[in-house]
Amino acid sequence: MCRGVDAMGSVVLGWIALLCFCGISFASITYHLREEQPPNTLVGSLASDQGLPDTGHLYKLEVGAPYLRVDGKTGDIYTTEVPIDRETLKDCRNLFEGDPCYLEFEVSITDLMKGSGPRLIEGRIEIQDENDNTPQFPSPILELAIPENTYVGAHYSIPVATDKDAGSNGIADYKLSAGSDAANLFSLQVADNSDEKVPQLIVLGNLDREQRDTYDLSIKVIDGGTPPRYSSALLRITITDTNDNVPKFERSHYEGELAENTPVGQSVLQVKANDDDLGANGQVTYSLHQPPPIVQRLLHIDHNTGIIQVKGAVDREEVSLLKFSVLARDNGPQAKSSKATVTITVKDKNDNAPSIRIRGFGLVAHEDGIANVSEDMPVGTPVALVEVSDRDEGENAVVTCVVAGDVPFQLRSASDTTSKRKYFLQTTTPLDYERIKEYRIEIVAVDSGNPALSSTNSLKVQVTDMNDNAPVFSPSLYEVDFAEENQPGDKVLDVVATDADSGTNAELIYSIITDSATKGLFEINQNTGEIRVMNQLDREYKERYEFHVEAADKGVPSLRGTATVVVRVLDRNDNDPKFMLGGYSFSVLENMPPLSAVGMVTVLDADKGENARVHLSVEPDNGKFVIQNGTGTILSSISFDREKESTYTFRLKAVDGGDPPRSSYVGITINVLDENDNAPYVTKPSNSSYKFLQPLTSPDTRVEKVEAEDIDTGMNAELAFSITGGNPHGLFRISPTDGEITLAKEFTRKHNGLHRLVVKVSDKGKPARHTTALVHIFVNDTISNVTLVESLVGHSLYTPLDMDIAGDPSYERVQRSNILYGSLAGIAGVILVIVVVVVIRHRLQKETKSGYQAGKKETKDLYAPKAGPKSSKGKKGSPDLGRHYRSNSPLPSIQLQPQSPSASKKHQAVQDLPATNTFVGTGDNNSTGSDQYSDYSYKTNPPKYSTKQVGDHFQSMAGYHSTAYHHTNMMWTKGMY
């Protein structure tokens, strides 16, 4: 807001008085402000207006709240969140048209640099009207009765609207809206009647009640604001019979006086109106026309006589002037009315005693009627502002004010207005706290009425002591040992400080000067200095706390002293040993020598000293593992064999040296990694089985599938298949991944006969291990002599592996006769083998009650079947030798001798040819074998296949050496079949 001559925010700076006495002055100014301004609108700047510097002064609003606030440094006056509404301000509610509305304020100014007494500035703000109210009709429906014989051009008064705004924002005009049927009958004229606009209805045409008795029109009232505000009402016109004379008052304006406190029922004045009509049309009744609420409450008019009487208690201090209108209406069927203005002045009586208000001023604050004054306050300093007023007027409001009694205080005038007198209550002599600590000051006010009325009010002044001694701690350093795991709220220590002052200046308040490390951790009793810990201390988190305590006295200004507190946290065994991981998993190679390190664990204990000394042990202690205390290294007491046990689990227990001790556990998993210490073994087909193929078999036909297993894992168990012998013509090929044998090309006549494929099965370990299998394939148009084919297969087992058996026709013709003899010799050999095996088996069953003991050296049971791998690998047990010996086959299925496993190479196969597949039958439509063997699959580590034929060994034991020797030179011919 800027100052100027405009209506908004202009300031009229008028000095009423300027007095200077003992450094104190007062002045009065006037500002202008439009109502309803937003918060923080600048009203005026006292510093600029008074010619004062805007620094070194303290401005304080004494009167004017809650509508105003003052900037303490610049003296700028601003509006607040409470809006200033001109129509609702207490002092502006009963103003007449054109009367100004004022909001008074008071501001005290204290010179902080010179230390002189405060100065009081009084002022007022003229609140200028805003167009913030809409004009309103007395009712949304206005009714008007017009006789049917009304002449053209007749005027009828319409009830006027009211607007709470004033001046140019008041009612400016009326407008009438009529339909097509009424536009030619009625129009509107607005007349100026002294201070108001009066709407009048003009009759433009002849009215006939018998044709139409009512008309509804719309009337709008508009104020003069910018922008204008308006409202509308329904004007209902009723056509009636004739009543053509209006009641006329003897005077247009009546004036009277009314003494306050006049008893109810007393007459004030009488109004009178005459009507020239006769009968009911000439009978006049009186009523108050739209009276304000205060008139309605205080006055009453007799409807027949027009006498105005007192209705309620009249108080001039509440209202000093009553202004209203009286309506005179005749009783005709079309009633006519007129108005007169009445003004009643309320006369004062001395019925109010003076009012004394004592309030703080400047830097001296009051609380509960007590002013606290420092003993070093300069003489003449105001300690209070005394405001004396009397609600009466005239001589009844002239008040004399004095200080009663012998006290070092006096009243000095601060301002003198017609309604209020203000005084400074100031000291006359220096104050001494040690001599008198408090004063009771009584102020008496007497008015000039007859009889005079008086009142008293008092103020208690307390002299305060100066605070010139700071609190002192003794000692200035406190050190204390305090054990951890305390309970929150436990006492730590007491600190004590002393102050040489007295009273409140010696009353101390203890506090802790907190920092980020101790905030919220320690608490001090502000009255006793007792320090308690509010949380549980943990030495492992922090073992020393240092902070400062402060003692502040209650003087103004307060003085302070400090001391240092050191808390040393003592250890308790409150932490379990803690492993760095929640579980440990280590991997080691099998066959590792005993007492090798398999892993290392780390365990910590957050405690201190013996409470942190940790001992480790293995649970359960089965002797397989030991732990080195100090390093946390786990050692094995055994050599690992993954095929026997691939995983070891146990727990480590950690126990500290506390009393009582604390412990913790952690799980350990040892995973044994595989080494390639087992050779593959063939599960299918058996060395003594064969497949039957016809010569016309087409290429790519599946012949057989070699199946093998390796009890190692990973790459050590991945197998590769290859044909290393018996395929000189390239008739067969084998899949290197799955061992499936297929026909590579067509057979010719020379290919008829028995083919023996030498298949090598190797793992992918480093170094690789392998085993050898024999796959027999008999090529012929038919197979009529199964026994003969089986004898050929049996004899191929005695043929060196580097000699190909591939259906050679010349070999068949030369040896045709010898085959018969060989067959007979084979039958005799089978019988001998049966006898020997039965005897040996019978002895073994007595000794071990099983068919084979792993690791036991074999000497006599050369042809007995050996136990295969564990059942957990999913392999079948030993074949039924009884069924085998009941076979009609003339030749036995030969069991090759396996090498007993050694301690150092426990699962290593050293043989090339696994004879354990001897008892596996083919079980399909294209091959034939001994049916009594087809249900069994017997596996063990394959025997070493030497260059000396196993068949020679067999004949040397059976007595058929010479016969067997001839068999090796047999020819494999088609003519035998």
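Here are three short exercises with worked solutions on a predicted model.

Residues are numbered from 1 along each chain as its sequence is written. Local features need pLDDT of at least 70, side-chain atom pairs count only at pLDDT 80 or more, and totals for chains, interfaces and linings use all residues, while side-chain values use heavy atoms, with hydrogens and water left out.

**Exercise 1. A three-stranded sheet**

Task: Work out in which order the three strands of the open sheet stand, and which of them are at its edges.

Solution:
- Start with the terms. Strands are DSSP runs of E with at least two residues, and helices are runs of H or I with at least four, both numbered from the N terminus. Two strands pair if DSSP finds at least two bridges between them.
- Next, the order is 3-6-5, with antiparallel pairing.
- Strand 3 (42-45) and strand 5 (68-70) each have a single partner strand, so one side of each is left without a neighbour in the sheet.
- Neighbouring strands here are turned by 20° against each other on average, direction ignored; the axes behind this angle are lines fitted to C-alpha atoms, for helices over the stretch in contact, and angles run from 0 to 180 degrees between N-to-C directions.
- Finally, look at one pairing: three bridges join strand 3 to strand 6 (residues 76-79), and S45 has D76 as its bridge partner.

**Exercise 2. The partners of strand 59**

Task: Find which strands pair with strand 59 (residues 753-763), and over how many bridges.

Solution:
- Take strand 56 (residues 719-725): it pairs with strand 59 in the antiparallel sense over six bridges, and A720 is matched with S762.
- Move on to strand 60 (residues 770-779), which is joined to strand 59 by 10 antiparallel bridges. L754 stands opposite F778, and the two strands form a hairpin with six residues between them.
- Then add strand 61 (residues 805-806), antiparallel to strand 59 with two bridges; here H755 is the partner of A806.
- To finish, check the covering: 10 of the 11 residues of strand 59 are buried, where buried means under 20% relative accessible area, exposed over 50% and partly exposed in between (1.4 Å probe, protein chains only).

**Exercise 3. Helix 3**

Task: Decide whether helix 3 (residues 786-796) is largely enclosed or largely open, and say why.

Solution:
- Count the buried residues: nine of the 11 are buried, so the helix is largely enclosed by the rest of the structure.
- Name some of them: L788, V789 and E790 are among the buried residues, as are H795 and S796.
- Last, inspect the start of the helix, where a side-chain oxygen of N785 comes to within 3.3 Å of the backbone nitrogen of T787.

Note on methods. A polar contact is a pair of N or O atoms within 3.5 Å; within protein, one must be able to donate a hydrogen and the other to accept it, and residues adjacent in sequence count only if both atoms are side-chain atoms.
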